[in-house]
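Here is a guided look at one protein chain, written for someone who would like to find their way around it quickly. Keep the viewer open and follow along.

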Amino acid sequence: MTDRTGRRSAAVWGAGGWVVGVLGVLVALPPAARDRLPDRLATHWDASGGPDSSMPFWAATFVPALIWVAMAAVVVLVQWRARGSAGGAAPGWVGATLGFGGVTLLGAQASIVRANLDNADWREAGSVTGWVVATLAAAVAVGATALWAGHRSRVTVPPPAGPTMEIPEGQRFVWLSRASSPWLHGMAAVTGIVSVAASVTAVGGLTGTEAALLAGPLALATVVVLACASVQARVSEKGLDVAFGPLGWPARRWAADGIASARVETRTAAQVGGWGYRLSGLGTTVMLRSGECLVIRTAQGKDFAVSVDDAERGAALLNSLIGQHSRG
């Protein structure tokens, strides 16, 4: 599997998991509180914060879900029609749309359930103004982050020209390679969906503080796993940069004069103790798929390896740069 194919596969699985997870929470939330809700639910509020419109219980349950399905279908259709263009749809457009739309609908559904909870009539529903403002702020943050991450992943750097690593005087070469793990992306999607579900049920008033306390560690686990699920390695005249996750943060950097040598090794997850960021007798390894790894030995005698494609060319270029610095 090529790096580009792996990243595309991880993105598809991640988006699919998000769509299914949001759909499940939207449909399940009102029935989970059915005994505490009136037959009609307040679904619209006037400028003063009072309810002025309602829907039957079944409509309040399924209309947001139908809106979400329609939104996801439009995203899929647009992406499918753009597949033949250079790079497909606009960078980050899919993630930003699904992220903003999903958070908005989840927040709205949770706010509606919470406002109608334990009321005999929909006209007694409380205000949702504060929850709406918080939901929109969260949706904008998620959408902007997805847009930034998508744009960053589209930045490409030409590979070195020619099969050799001889660097002509006055010219600069840059090597760039990425790798991702669909399995780690899937794990992050699962913990993320559970965290969102726990948060939504807490906001909706269906659970106590236990669910809110559970959402925090799960959200942290999602961020950590997502940061370990993809990596980008870049060799330039400055040395080696290894950036993690969709946002390229955190990152590790080694100046060329701080690296003793670079080589290629074939490593497996069993050799380094598992997947992700691993510490073992072989040193530090960022293991996203078994196979060739770019391995550097620092000036302090420590090894750092990252599993990326085209590692041989990256190592050759890095060794050339190390030689230039040593001669300089």
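The report below goes from the whole chain to a helix pair, and then to some individual residues.

## The chain as a whole

Please keep in mind that this is a predicted model. The protein chain contains 8 helices and 11 strands. Of its 328 residues, 42% are buried. If you take the contacts between residues at least 6 apart in sequence, 64% of them join residues at least 24 apart.

## Helix 3 against helix 5

A good place to begin is the pair formed by helix 3, residues 93-116, and helix 5, residues 182-203. These two helices pack at an angle of about 30°, and their axes are 8 Å apart. Because angles under 35 degrees count as roughly parallel, helix 3 is roughly parallel to helix 5. On the helix 3 side, the contact is made by Leu106, Ala110 and Arg114. Helix 5 contributes Val196, Val200, Ala202 and Val203. Sorted by type, the residues of this contact are 6 nonpolar and 1 charged, with no polar ones.

Both helices also pass a simple length check. Helix 3 has 24 residues, which at 1.5 Å a residue should span 34 Å, and its end C-alpha atoms are 35 Å apart, in agreement. For the 22 residues of helix 5 the expected span is 32 Å, and the end C-alpha atoms are 31 Å apart, which also agrees.

## Buried positions in these helices

Helix 5 has a list of buried residues that includes Leu184, His185, Ala188, Thr191 and Gly192. Val200 and Ala202 are on that list of buried residues too, and both take part in the contact with helix 3. After helix 5 comes glycine 205, which has a positive phi near 80°.

In helix 3, have a look at serine 111. Is serine 111 buried or exposed? Its relative accessibility is 3%, so serine 111 counts as buried, the cut-off being under 20%. Apart from neighbours within four places in sequence, serine 111 is in contact with Val128, Trp131 and Thr135.

## Two aspartates with positive phi

Which residue just after helix 3 takes a positive phi? That is aspartate 118, with a phi of about 65°, a positive value in a residue other than glycine. Aspartate 118 sits in the loop between helix 3 and helix 4, residues 129-154. With a relative accessibility of 52%, aspartate 118 counts as exposed.

Aspartate 118 also has an aspartate across from it in space: aspartate 35 is 83 residues away in sequence, yet the C-alpha atoms are 8.5 Å apart. Aspartate 35 belongs to the loop between helix 1 (3-32) and strand 1 (40-45). At 82% relative accessibility, aspartate 35 is exposed.

The other positive phi to visit is that of aspartate 310, about 60°, again in a residue that is not a glycine. Aspartate 310 lies in the loop between strand 11 (303-306) and helix 8 (311-327). With a relative accessible area of 30%, aspartate 310 is partly exposed.

## Around alanine 227 and a cis proline

Alanine 227 is part of helix 6, residues 209-228. At 18% relative accessibility, alanine 227 counts as buried. Leaving out residues up to four places away in sequence, alanine 227 touches Phe244, Gly245 and Pro250. Proline 246 is 19 residues from alanine 227 in sequence, and the two are 7.1 Å apart from C-alpha to C-alpha.

One of the residues touched by alanine 227 is Pro250, and its peptide bond deserves a click. The bond from tryptophan 249 to proline 250 is cis, with omega near 0°. Proline 250 is placed in the loop between strand 5 (239-244) and strand 6 (251-255).

## Cysteines and disulfides

How many disulfides does the count come to? The count is 0, with a disulfide taken as a pair of cysteine sulfur atoms within 2.5 Å. Two cysteines can be compared by their surroundings. Cysteine 228 has a relative accessible area of 25% and is partly exposed, whereas cysteine 293, at 0%, is buried.

Conventions
Residues numbered from 1 in each chain as written. Predicted model: local features only at pLDDT ≥ 70, side-chain atom pairs only at ≥ 80, totals over all residues. Heavy atoms only, no water. Axes fitted to C-alpha atoms, helices over the stretch in contact; angles between N-to-C directions. Helix = DSSP H or I, 4+ residues; strand = E, 2+ residues; numbered from the N terminus. Parallel < 35°, antiparallel > 145°, perpendicular 65-115°, else oblique. Contact = heavy atoms within 4.5 Å. Nonpolar A, V, L, I, M, F, W, Y, C, P; charged D, E, K, R; others polar. Buried < 20%, exposed > 50% of the residue type's maximum accessible area, 1.4 Å probe, protein only. Expected span 1.5 Å × (residues − 1).
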